[in-house]
Amino acid sequence: MSTLFAEEWASKLEPLLNRYRGKKHPLEYKNLYQLMTMVILSAQDSDANINKISPSLFQAYPNLESLAVSNADALIPHISKVRNFVTKANWLLEIAQELKEDKNIPLTMENLVSLKGIGRKSANVIMREMKASAEGIIADLHVIRVAPRIGLISESKDGNKVEKQLMQLLPKEIWGEIGMSISFLGREICRPTNPKCEICPISNHCSYYNK
């Protein structure tokens with residue numbers, strides 16, 4: 001990918017970054033422990049559902065220390081309305097027993113993805129929210145749908161492939177914010193049906209709109 005082409009796209013996406021830069025993720029977390037836990041629980045589930053169950057979960061388990069001495073039978077009632085709750089309970093318990101304290105939660109890609117239930121997408125979300133140096137680009141369901149639609153990349157259902165295409169195309173200095181910006185665009189404006197193209201900040205450069 002030529003540097004010129006990458007700079008061109010970075011410039012086209014500037015209005016999108018201006019609109020969403022620094023906007024907090026929809027998960028209603030209060031600290032890194034809560035964020036990591038909620039990100040793991042939100043896989044194949046909705047942020048709204050995780051926000052709903054989290055207050056009672058964090059009342060029972062305010063930190064990794066409390067989770068590390070628990071067990072699946074005690075944890076599961078707090079997350080039973082979450083998709084794949086048995087698997088996720090085991091992941092959370094294993095992480096808590098491995099890390100032991102909140103201060104040991106890592107903020108690098110390599111160390112985050114070594115934890116059960118955390119892939120690149122989840123790691124990118126955690127690092128972005130905690131303002132750690134970006135090592136990739138968030139490629140959630142919204143990004144997977146919207147990035148090809150606007151003509152940024154070719155279509156793929158594989159989040160890792162989408163992330164790789166975006167990383168090859170876009171300059172590293174915008175990696176930390178661009179994924180979440182595209183995600184917010186998909187949530188608020190570039191809806192699957194009846195997108196609100198008339199209020200989109202990048203409609204001038206959008207393949208879908210210009211068709």
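Here a biologist and a modeller talk through a predicted model of one protein chain.

Biologist: Let's start with the overall build. How many helices and how many strands are there in the protein chain?
Modeller: Following the elements from the N terminus on, you read α-α-α-α-α-α-α-α-α-α-α-α-α. Counting up both kinds gives 13 helices and zero strands.

Biologist: What radius of gyration does the protein chain have, and what would a compact globule have?
Modeller: The C-alpha trace spans about 55 × 35 × 25 Å along its principal axes. With 211 residues, a compact globule would have a radius of gyration near 17 Å, and the value for this chain agrees with that: 18 Å.

Biologist: Now helix 3, please. Is helix 3 largely enclosed or not, and how many of its residues are buried?
Modeller: A residue is called buried when its relative accessible area is under 20%. In helix 3, residues 32-41, that applies from Leu32 through to Leu41, with Tyr33, Gln34 and Met36 among them. The helix is therefore largely enclosed by the rest of the structure, and its buried count is 10 of the 10 residues.

Biologist: Which helices are included in what covers the buried residues of helix 3?
Modeller: Covering elements are found by contact, with heavy atoms within 4.5 Å. The cover includes helix 4 (47-60), helix 5 (64-68), helix 6 (72-79), helix 7 (85-99) and helix 9 (120-129).

Biologist: At the start of helix 3, which residue's side-chain oxygen reaches the backbone nitrogen of Tyr33?
Modeller: The oxygen comes to within 3.2 Å of that nitrogen. The residue that supplies it is Asn31.

Biologist: Let's turn to the rings. How many residues apart in sequence are the parts tied together by the pair of Tyr20 and Phe184?
Modeller: The chain has two aromatic pairs. Tyr20 and Phe184 form a stacked one, 5.5 Å centre to centre with 25° between the planes. Tyr20 lies in helix 2 and Phe184 in helix 12, so the parts they tie together are apart in sequence by 164 residues.

Biologist: And is the pair of Tyr33 and Phe58 stacked or edge-to-face?
Modeller: Tyr33 belongs to helix 3 and Phe58 to helix 4, 25 residues apart. Both Tyr33 and Phe58 are buried. Their rings are 5.6 Å centre to centre, and planes over 60 degrees apart count as edge-to-face, so with 65° between the planes this pair is edge-to-face.

Biologist: One last thing: over the ring of which residue does the charged end of Lys12 sit?
Modeller: Another lysine, Lys24, lies over the face of Tyr29, at 3.9 Å from the ring centre. For Lys12, the distance to the ring centre is 4.8 Å, and the ring belongs to Trp9.

Conventions. Residues are numbered from 1 along each chain as its sequence is written. This is a predicted model: local features need pLDDT of at least 70, side-chain atom pairs count only at pLDDT 80 or more; totals for chains, interfaces and linings use all residues. Side-chain values use heavy atoms; hydrogens and water are left out. Buried means under 20% relative accessible area, exposed over 50%, partly exposed in between (1.4 Å probe, protein chains only). Helices (H or I, at least four residues) and strands (E, at least two) are DSSP runs, numbered from the N terminus. A polar contact is a pair of N or O atoms within 3.5 Å; within protein, one must be able to donate a hydrogen and the other to accept it, and residues adjacent in sequence count only if both atoms are side-chain atoms. Rings of Phe, Tyr and Trp (its six-membered ring) pair if their centres lie within 6.5 Å; planes under 30 degrees apart count as stacked, over 60 as edge-to-face and the rest as tilted. A charge sits over a ring if NZ of Lys or CZ of Arg is within 6 Å of the ring centre and within 35 degrees of the ring normal. The radius of gyration is taken over C-alpha atoms; the globule rule is 2.2 Å times the number of residues to the power 0.38.
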